[in-house]
Amino acid sequence: MFKSSTTATLLSLGVALSAAASADLAQAAKRTITMVAVEAKGGTTVDKEPFPTAGLPEGKGYELEAPNAEGRWEVSAYRWEPNQIIVNQGDEVTLEILGVNGAEHPGVIDGYDVSFTVKRGQLTTVTFTADKTGVFEFRCGTHQPSMVGELIVLAGG
Ligand SMILES: [Cu+2]
């Protein structure tokens, strides 16, 4: 008896909470998303792992350095972090992007006529209203094909 009434209470609480979450989602909001432009790096020596023979896609986004005199090889990839941004239609979105690796990253968001440049050690602020729904690619003009992301704008309630 106690158990089933507890379950019923928790269920109604859950319904109330999800209703509140839906109400929040339906309202346009100011959203600030903190991002970084980074280069993920790794490396090892040929005595531990052989140098990969397959190669990587063309472009400056990926780098695979052949073994040096000591047999050490390196691999790296430039990326936006995070690279998936989900907002609601109507939100006023601010991206605050810190350049950590790489001198400069010229960025664009397709379909939004938004462009910006991120420089190492500087915080670049990009503000726009997410007025169109859909999935929009954002990318760095220099570091392809790795430095891409998706802006996902969900339909308003
Ligand atoms: Cu870049």
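This is a short tour of a predicted model, moving from the whole chain to its strands and then to its core.

Residue numbers start from 1 along each chain as its sequence is written. Because the model is predicted, local features need pLDDT of at least 70 and side-chain atom pairs count only at pLDDT 80 or more, while totals for chains, interfaces and linings use all residues.

**Whole chain.** Show the protein as a cartoon. There are 1 helix and 10 strands, in the order α-β-β-β-β-β-β-β-β-β-β along the sequence. Helices (H or I, at least four residues) and strands (E, at least two) are DSSP runs, numbered from the N terminus. Among contacts with a separation of 6 or more, 69% join residues 24 or more positions apart; a contact has C-beta atoms, placed from the backbone, within 7 Å.

**Strand β10.** Select residues 148-154. Which strand pairs with β10 in the parallel sense? Strand β4 (residues 84-88) does, over 5 bridges; strands pair if DSSP finds at least two bridges between them. In this pairing Asn 88 stands opposite Leu 154. Strand β9 pairs with β10 in the antiparallel sense over 6 bridges, and Glu 137 has Glu 150 as its bridge partner there.

Now show the side chains of β10. Gly 149, Leu 151 and Val 153 point to one face and are buried. Val 148, Glu 150, Ile 152 and Leu 154 point to the other face and are not buried. Buried residues have 20 or more other C-beta atoms within 10 Å of their own, exposed ones 12 or fewer, with partly exposed in between; C-beta atoms are placed from the backbone. Across the 157 residues of the protein, 16% count as buried.

**Strand β9.** Select residues 134-140, then add β6 (residues 104-109), which runs antiparallel to β9 and is joined to it by 3 bridges. Ile 109 has Phe 138 in β9 as its bridge partner.

**Around Leu 151.** Centre on Leu 151, which touches Ile 85, Ile 109, Phe 136 and Phe 138, leaving aside residues up to four places away in sequence.

**The core.** The largest nonpolar core (buried Ala, Val, Leu, Ile, Met, Phe, Trp, Tyr and Cys residues joined through C-beta atoms within 7 Å) has 16 residues. Select Met 35, Ala 37, Trp 80, Leu 95, Ile 97, Met 147 and Leu 151, which touch the most other members. Strands β1, β3, β5, β9 and β10 each supply at least two residues of this core, and β5 gives the most, with 3.

Note on methods
Two residues are in contact if their C-beta atoms, placed from the backbone, lie within 7 Å.
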